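Work through the exercises below with the model open. Each task is followed by a stepwise solution.

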Amino acid sequence: MGLMDQVELPQPVKYVFNWGRKYSLWCFNFGLACCAIEFIAASTSRHDFIRHGVIPFAHGPRQADLLVVSGTLTDKMAPSVKRLYEEMPEPKYVISFGSCANCGGPYWDSYSVTKGVDQIIPVDVYVPGCPPRPEALLDGIIALQDRIQGESLKDRIAGRRLDPITLGADAPLAIEGATGGASGGPT
Amino acid sequence: MTEVLARRDRALTPEETEKLLRDRLGDGITGSTVEFATFTLHVAPGSWHAAAALCRDEQLLAYDMFDNLLGVDAREDGFDVVAVLYSTSTGNRICLRTRCDGGRDNPVCDSITDIYRGADWMERETWDMFGIEFVGHPGLEPRILTVENFEGWPLRKDFHLTSRVAKPWPGVAEPAELDEDGQVIERVPKIGDAPGPYDLDKAMAAQAKAINAPEVDELEEGADEPESSGSADDGSDGDGSAEAEPEFDQETFDRLIAEGKSERIARSKAKAALIKKKRAAAAAGDAAAGADAGDDDPAAAAAAKADERRKAQAEARAKKAAERAADDDEDAANDAGDSAAQEGDA
Ligand code: SF4
C-alpha cells in the first residue's frame, strides 16, 4: 500500500475512501455450527445484508475483507481458521458471531472446543447469543461500518487495532431485541 | 461365492442366530439380550474376530453391512466394544459386544478391519476416545477426532475436564444435587470442586435407585406375579372375580376418609392395601391347590415352591412396610400392620 501506512490521508479523502470501504465488505463466512444457519438467514432475502453492502461468500480469503466466524470452533479446526485469516489482505475485520465463537458457549468445559476465536485471531465485533438472531448480525455489521467510517487507514494498515466492540455491552443496540438466546440479551 | 441363502422371509430369529453361533463358537458366546428391539450377542474377546467373520460369511446370517462400532466404559471392569451389523438380505440387525482384555489400564481388542473395511475409521475413533487398542488395525495414529498431540482419552468416565477444575460448574442442574425431598441443595461453587462425570454418574444411579425402588417393586410384583408363577391358573381360579373387584380397598378407603385424609391420599393407600390383600388371597389359593393336587401332579411341586417364595416375599414386604411406617404417619403404620397380619395368616 506504499504511502498509505505512513501518511494520514486528508480528511475529505479519508471520508470518501472509508465510505467506499464500509459499503463494500466482501465477507468470508466461516460457518462451523448452528450459528452458520443464522448467518445464512441473514444473507437471504428477508434480512438481506447485501443491502448494507456486505457481499457474502467471497471466493476465497484472498478476496475478502471481513471474516465472520459463526459457530463452534474446535481445537482441531483452529489452525485452519488462523491460516485462512492470515491469507486475508489488510485491512481485514473479524466478527465473532455467537457464544461459541465468543467464548466456547455451551461447550465451555469441553475437551475439544476452543474457548473463543479471539484466542487465535483478533476480533473486531462480538455478537452475543446462542444463536444470535440475524438482526444481531446486521447490528454487528452496522457497528463495524460505523467504526470503519471513522477509522484512520494509516493505523489500520499498520496493524494497530481499536478495542473490540461487544454488542449489548459497550455499544447500544441499533435494533431492538436483536440478540436472543441464552448467553447474551441486550442490556 | 455361492448363492446366499438368507432372505427376508427366512430371516433367523435371535434365538436361532444365537444357537447357530453357539454351535460354531461354543464358549465364545457368553450370553445374549434382546432390549429395545435390539439383539445383542455377548462374545468372549478371544472369539471377537471369529464371530464377526461368521456373521458375515455364514450364509443364513449374511450380515453384509457394517453399521457402527463404538466403545463403552464399563467402569471397574474395563471397556466394552460394540459392533453393529446389518444384513441387507434378511433385514436383521445384530449387536456384537465384547469386554476388552487388559482391564482399564491397557484395553486391547482384535481389529475387524480385515472383515469389514468400514470398521477402519470407527476403530480409530474408538482409539481416540477410549484408548482401546485394536490389534491388527493398519494404523491407529495419528488421531483423527482430536488434535494430534491430545493427551488422554476424553470419553473415559475418569477423564478430567480441565475447564471444570479451573472453574466450577455454575449451576445446580444435576439431579445428584437434590436432597431426598427433591429440594436443590445450595452449593457454593469453589475452585477445584469439579464433579467428574464418573462421580456424578455414580451418585445419580444410587439416588435413582433409592427413589424408585419401593414403588417399582410393588407395582411390578403385583402385576407380574400371576403370570410368572408356575401355578398361574390355580391362582386366578382362586380369585376369579378379580376383574369385577373395585380398584381399591373400600374398607381402608372409608376408614381413611373418616379420619379426615384427602381423597387422593386415601385412594392411593387403599389401592396399596388392595394389592396386598389380593396377594394374600392368591397365596392362600395356591396353598389350597397344592394340597388338593395329588403326588402324581407335577404342577404340585411347582405350586408349593411358588407358595414358599411368595410367603418369604410377603414377610420381607411386611418388614419393609413396617420400616417405612416408622417414619411415616400413623395410618400407614396401621395399614402395614393390617396387611402384614393378613399375609401372616395366609
Ligand atoms: S453459539 Fe449456540 S447456536 Fe451458535 S454455534 Fe454455539 S451452540 Fe450453536
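**Exercise 1. Classify Lys19(B) and its salt-bridge partner by exposure, then place the pair.**

Solution.
- Step 1. Lys19(B) has 57% relative accessibility, so it counts as exposed. The cut-offs are under 20% relative accessible area for buried, over 50% for exposed, and partly exposed in between (1.4 Å probe, protein chains only).
- Step 2. The side chain of Lys19(B) meets that of Asp23(B) in a salt bridge, at 3.9 Å from N to O. A salt bridge here is a side-chain nitrogen of Lys or Arg within 4 Å of a carboxyl oxygen of Asp or Glu.
- Step 3. Asp23(B) is exposed, with a relative accessible area of 57%.
- Step 4. Asp23(B) and Lys19(B) are 4 residues apart in helix H1 (residues 14-25) of chain B, so about one helical turn separates them. Helices (H or I, at least four residues) and strands (E, at least two) are DSSP runs, numbered from the N terminus.

This is a predicted model: local features need pLDDT of at least 70, side-chain atom pairs count only at pLDDT 80 or more, and totals for chains, interfaces and linings use all residues. Residues are numbered from 1 along each chain as its sequence is written, chains are lettered from A and ligands numbered from 1 in the order in which they are written, and side-chain values use heavy atoms, with hydrogens and water left out.

**Exercise 2. Which parts of chain B does the salt bridge of Asp73(B) and Arg104(B) tie together?**

Solution.
- Step 1. Take the distance. The side chains of Asp73(B) and Arg104(B) meet at 2.9 Å, N to O.
- Step 2. Locate both ends. Asp73(B) is in strand S3 (residues 65-73), and Arg104(B) is in the loop between strand S5 (93-99) and strand S6 (108-110), so the pair ties together parts that are 31 residues apart in sequence.
- Step 3. Check burial. Asp73(B) counts as buried, at 11% relative accessibility.
- Step 4. Look for a network. Salt bridges link Asp77(B), Asp80(B), Arg97(B) and Arg99(B). Over all chains the count comes to 16 salt bridges.

**Exercise 3. Find what Thr17(B) touches, leaving out residues up to four places away in sequence.**

Solution.
- Step 1. Thr17(B) sits in helix H1 of chain B.
- Step 2. Its relative accessible area is 1%, so Thr17(B) is buried.
- Step 3. Thr17(B) touches Leu12(B), Phe39(B), Leu61(B), Tyr63(B) and Ile94(B). Contact means heavy atoms within 4.5 Å.

**Exercise 4. Summarise the fold of chain A in numbers.**

Solution.
- Step 1. Count the elements: chain A has 6 helices and 6 strands.
- Step 2. Read them in order: α-β-α-β-β-α-β-α-β-α-α-β.
- Step 3. Of its 187 residues, 50% count as buried.
- Step 4. Take the contacts in chain A with a separation of 6 or more: 79% of them join residues 24 or more positions apart.
- Step 5. The accessible surface of chain A is about 8600 Å², and 58% of that belongs to carbon and sulfur atoms. Areas come from the Shrake-Rupley method with a 1.4 Å probe; for residues, only the protein chains shown count as cover.

**Exercise 5. Are the two ends of the salt bridge between Glu151(A) and Arg21(A) buried or exposed?**

Solution.
- Step 1. The closest N and O atoms of Glu151(A) and Arg21(A) are 2.9 Å apart.
- Step 2. Glu151(A) lies in the loop between helix H5 (134-150) and H6 of chain A, and Arg21(A) in helix H1, so the bridge ties together parts that are 130 residues apart in sequence.
- Step 3. Glu151(A) is buried, with a relative accessible area of 6%. Arg21(A) is buried too, at 16%.

**Exercise 6. Which residues of chain A surround the ligand, and how do they divide by character?**

Solution.
- Step 1. List the residues with a heavy atom within 4 Å of the ligand. They are Ala33(A), Cys34(A), Cys35(A), Gly71(A), Thr72(A), Ser99(A), Cys100(A), Pro106(A), Tyr107(A), Gly129(A), Cys130(A) and Pro131(A).
- Step 2. Sort them. The shell has 8 nonpolar residues, 4 polar and no charged. Ala, Val, Leu, Ile, Met, Phe, Trp, Tyr, Cys and Pro count as nonpolar, Asp, Glu, Lys and Arg as charged, and the others, Gly among them, as polar.

**Exercise 7. Where does Ser110(A) lie, and what does it touch?**

Solution.
- Step 1. Ser110(A) is in the loop between helix H4 (99-103) and strand S5 (125-127) of chain A.
- Step 2. Ser110(A) is buried, with a relative accessible area of 19%.
- Step 3. Leaving out residues up to four places away in sequence, Ser110(A) touches Lys115(A) and Ser163(B).
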